[in-house]
Amino acid sequence: MQKSNRCIALFEVRPTTHYGKIGRQSDRTIDQSIRHSWSFLHSLWILMRRKPHRQHYNDLNRLSSIDLMKFTFLLLTALTVNLSLAPAGVTPLPDKVAAVVPDKQASQIPDAEKLTGMLGERVQNSAINRLLQTVDPDRLLEGYRKRPGRQEWDGEHIGKWIHAATLAWVYTGNAELRAKLDKTVTELIKCQLEDGYLGTYEPEKRWTSWDVWSHKYNLIGLLTYIRYTGNLEALPACQKMGDLLCKTFGEGPGQKRVIQVGGHAGMASSSVLEPMVWLYRLTGEPRYRTFCEQILSSWERPEGPHIVSRLVEGQGVHKVGNGKAYEMLSCLNGMLEWYRVTGDDQLLQAALNAWKDIVAKRLYITGTCSSHEHFQGDYDLINYGNVGETCVTVTWLQFNAHLLRLTGEARFADQLERIAYNQLPGAQRPNGKGWGYYVQMKGLKPYNENLTGSCCLSSGPRGMALLPTFALTTDADGVVINFYDPATATLTLADRSVVALDVQSQYPAAESITITVKPAKPQTFALKLRIPSWCDNASLQVSGQSAPLTPGKDGYVAINRLWQPGDKVTLTLPLKARLIAGDHTNEGKAALAYGPLILAVDAALSDGQNNPALPGLDLAALKFTVEPAKETYLAWPEAQVFRITVDGKNYGLAPFATAGCTGSRFRVWMRLAGAIANDNLLENGIESRSRQGNLEGSILDDLPVVTFDGKMATEDWYAVTLDKPITIGKLVFSQGKLFHNGGWFDASAGKPQVQIQETKNSEWKTVGELAKYPSTTATDNAKIRAGQDFIVTFSPPLTATAVRVLGKPASGDAPHQAFSSCAGLRATAP
Ligand SMILES: [Zn+2]
């Protein structure tokens, strides 16, 4: 926190002292204003005395009488200035160890700004509807009060909640949330054992699997809480945890290596680096520094993940450790905290290489990465299959936020916009109560409100709570506008002067953004604007005059001038629709974007359909229109939905942020008529089945369907028909859902068969069978598993325009009826 350095001497860390609750807005007192003024005065006083920044409070005793007169004058000035323009009610506790590499762009204390548009709605909903009203801390503490926890990483949730809830409390000033936080922190600390252990494992199972990981999140939560509340009662608990980690892990006799006690090539446990750097900086204790050094060296041991060396060599992130995305990004975030302390340029280089690799080869259009929780091979961006874990989305957001602070370059804010307007809100139920785990490019939104062991549900709110730390901020030259959500902000510049901002916009529903700049008195500084990379025809007016839009080295357009209070800047970002051609995995498909928003066809807005075949890449042919959103899609007052016309049929699209919010099927990548999809040759086809059934799914989206209609049948089939012939080397049938009364094929009279049509509407011809399908009967499913794949290989390959799998449905325990179920049908080239 840049902002805090000014008051380091007055807020010297004394581990046993309670500073009292540092209030904000709603519960702010004159005493706190005086405290701010004192800290402000203290910096003035330091300047006056021309002494090094780190002064001790006792130095006040050595003031001369002239100094005291100046001091009194400055005290009065500071009180006056601060009472009218104090940016916020919270003064974070300063670090004892200053950063060797200072931030180029400040990380704001969340109460410096208030977002009131699309993003503001989501941040507020997350704070109140989820963190305050939905999450039950007693559930999160359960595994600590009665060890072990429900499952191995059950301990992570409480620290993640404290982290998010602290930031959300600073942002909202909600007194109930603060009371809930205080109580929860006290209850968590009560669970700490004498030796400092604060995990959910039984003694004999300590330091296996996800135990260090839970300590990491407890440190992240508690250190954030201490920093923003000033309540040092939790500091001894953090130091005891830190000391236990130092005692347990290291190179000495009887010690373990931290990379040996957790999964994913040691990346899970060694990601404790991030809060251990914080603990070192807050306390200045050298043993925590030593611990961090050991983590860095353990990464490069033969059995380690080689995070720094492989990235510096220019290897892709999928070649680092075991490629597990959430754990690796967590380590990279810790590595950048360590870079702040050490200034080791190699670490920044490793991070920049990782960023470039992800953006070029491993990033989804909506701003997430990973499938099956790992970074995959180059351009291997499948649209479904455990895509976009929300924990990955949030750690990727944090990684970009770190790089933005360290470099001050707009390209990182551009990625933050992509995440904040698409994948992050896309993972959140619009009312903020629930979150999704994997949030894929097509299918259904998997919102869930209960934790049930799901890491992502505690991660999402952390991402939301971080948005106000970088939306509007400052750098050495002045004010920086990263996001254009309507907002008010009170920002402190490098010279400690305070500038208020008022951003009026309906972004991303309208193109005009007016920023009113309100310094306390006329003042010269830069106002920096990020021109989003999607926008190629922006225009700018400063106090009514046209101004050039030439970006500086940092990528921002800077307006350097003497600002009068009330000066206005109007930025116009024309919001045209864009049709984006897919490549690699999405060859033969296209996606639609509108301003910063990625859109998705939503079956609920399209009479149940979500699979149009676009005639080509000509936008005009789609008759694209925009209209106000209604009901659940109205996630903020200006929310919009979109329409296109394909083959005379009308399809509705929603921003990815709300697509599927009513439980409907959606898809980002639409097929191009006549094209063959790369990942699944059947993908651009039309699916059908013998009976419609009562489950809304799609065998082309890996969403199970059934043929259940309460009636008996002797034959069921699942088919896909294509516009033109394909050459198939392999066909995969994925078993659907299983029920007590059916859901599988009865194989007693023969295995399910594969049939094709060689030309359009020709006779079905049997070309193979699901040979490995178990020996099921009408009543026995032979332990077949939902999602189990059955593969048929064709040698030589087959040419077909339609393909189907056919079998006899099973009855289970209800003999008067029978039905089957299929979760997916995929075909690949030879
Ligand atoms: Zn997760």
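# Briefing: a zinc site, an antiparallel sheet and enclosed space

Gln-108 lies in the loop between helix H2 (65-85) and strand E1, and it belongs to a model that is predicted. At a relative accessibility of 3%, Gln-108 counts as buried, because the cut-off for that class is under 20%. Its C-alpha atom stands 9.4 Å from that of Leu-466, although 358 residues separate Gln-108 and Leu-466 in sequence. The protein as a whole has 830 residues, of which 61% count as buried, and its secondary structure comes to 17 helices and 28 strands. Among contacts between residues at least 6 apart in sequence, 72% join residues at least 24 apart.

**The seven-stranded sheet**

- Seven strands form an open sheet whose order is E1-E5-E6-E7-E12-E9-E10, with antiparallel pairing. Strand E1 (113-115) and strand E10 (545-546) stand at the edges, and each has a single partner strand, so one side of each is left without a neighbour in the sheet.
- Strands of a sheet are held in register by pairing through backbone hydrogen bonds, in either the parallel or the antiparallel sense.
- E1 pairs with strand E5 (residues 487-492) in the antiparallel sense over three bridges, and within this pairing Leu-115 has Ala-487 of E5 as its bridge partner.
- E5 in turn pairs with strand E6 (residues 498-505), again in the antiparallel sense and over six bridges, with Leu-491 standing opposite Val-499 in E6.
- The hairpin of E5 and E6 has five residues between the strands, and in this hairpin Arg-496 takes a positive phi near 75°.
- Further along the order, strand E9 (residues 539-542) and strand E12 (residues 567-572) form an antiparallel pair over four bridges, in which Val-542 stands opposite Val-569 in E12.

**The zinc site**

- The zinc ion is coordinated by one OE donor from Glu-389 and by the SG atoms of Cys-391, Cys-455 and Cys-456, at 2.2 to 2.3 Å.
- The four donor atoms subtend angles of 97 to 122° around the zinc ion, and the arrangement is therefore tetrahedral, given that the class requires all angles to lie between 85 and 135 degrees.
- Along the chain the donors follow the spacing E-x1-C-x63-C-C, and both Cys-455 and Cys-456 are buried.

**Pocket and cavities**

- Rolling a probe the size of a water molecule over the atoms shows where empty space is left.
- The second largest pocket holds about 640 Å³ of space. Its lining comprises 33 residues, and those closest to the centre are Leu-363, Tyr-364, Ile-365, Arg-418 and Ile-580.
- Helix H14, helix H16 (410-427), strand E13 (577-581) and strand E15 (597-602) each supply at least two residues of this pocket's lining, and H16 gives the most, with five residues.
- The structure also holds seven cavities of 30 Å³ or more, and the largest cavity has a volume of about 120 Å³.
- Fourteen residues line the largest cavity, and Met-118, Leu-597, Trp-636, Ala-639 and Pro-655 are the ones that lie nearest its centre.

**Two local environments**

- Gly-377 is placed in the loop between helix H14 (345-361) and helix H15 (390-407). With a relative accessible area of 27%, Gly-377 is partly exposed, because that value falls between the limits of 20% and 50% that bound the class.
- When residues up to four places away in sequence are not counted, Gly-377 touches His-318, Lys-361 and Arg-362. The C-alpha atoms of Gly-377 and Gly-316 are separated by 8.6 Å, while the two residues are 61 residues apart along the chain.
- Thr-224 is found in helix H7 (residues 211-229), where it is buried, with a relative accessible area of 6%.
- Leaving out residues up to four places away in sequence, Thr-224 touches His-163, Thr-166, Leu-167, Leu-219 and Trp-278.

Notes. Residues numbered from 1 in each chain as written. Predicted model: local features only at pLDDT ≥ 70, side-chain atom pairs only at ≥ 80, totals over all residues. Heavy atoms only, no water. Buried < 20%, exposed > 50% of the residue type's maximum accessible area, 1.4 Å probe, protein only. Contact = heavy atoms within 4.5 Å. Pairing = 2+ DSSP bridges. Donors = N, O, S within 2.8 Å, 3.2 Å for Na, K, Ca; no water. Tetrahedral: all angles 85-135°; square planar, octahedral: opposite > 155°, others 65-115°. 1 Å grid on protein atoms, 1.4 Å probe; cavity = no way out; pocket = protein on both sides within 12 Å on 5 of 7 lines; lining within 4 Å. Points joined across faces, edges and corners; volume = space filled by probe spheres on them.
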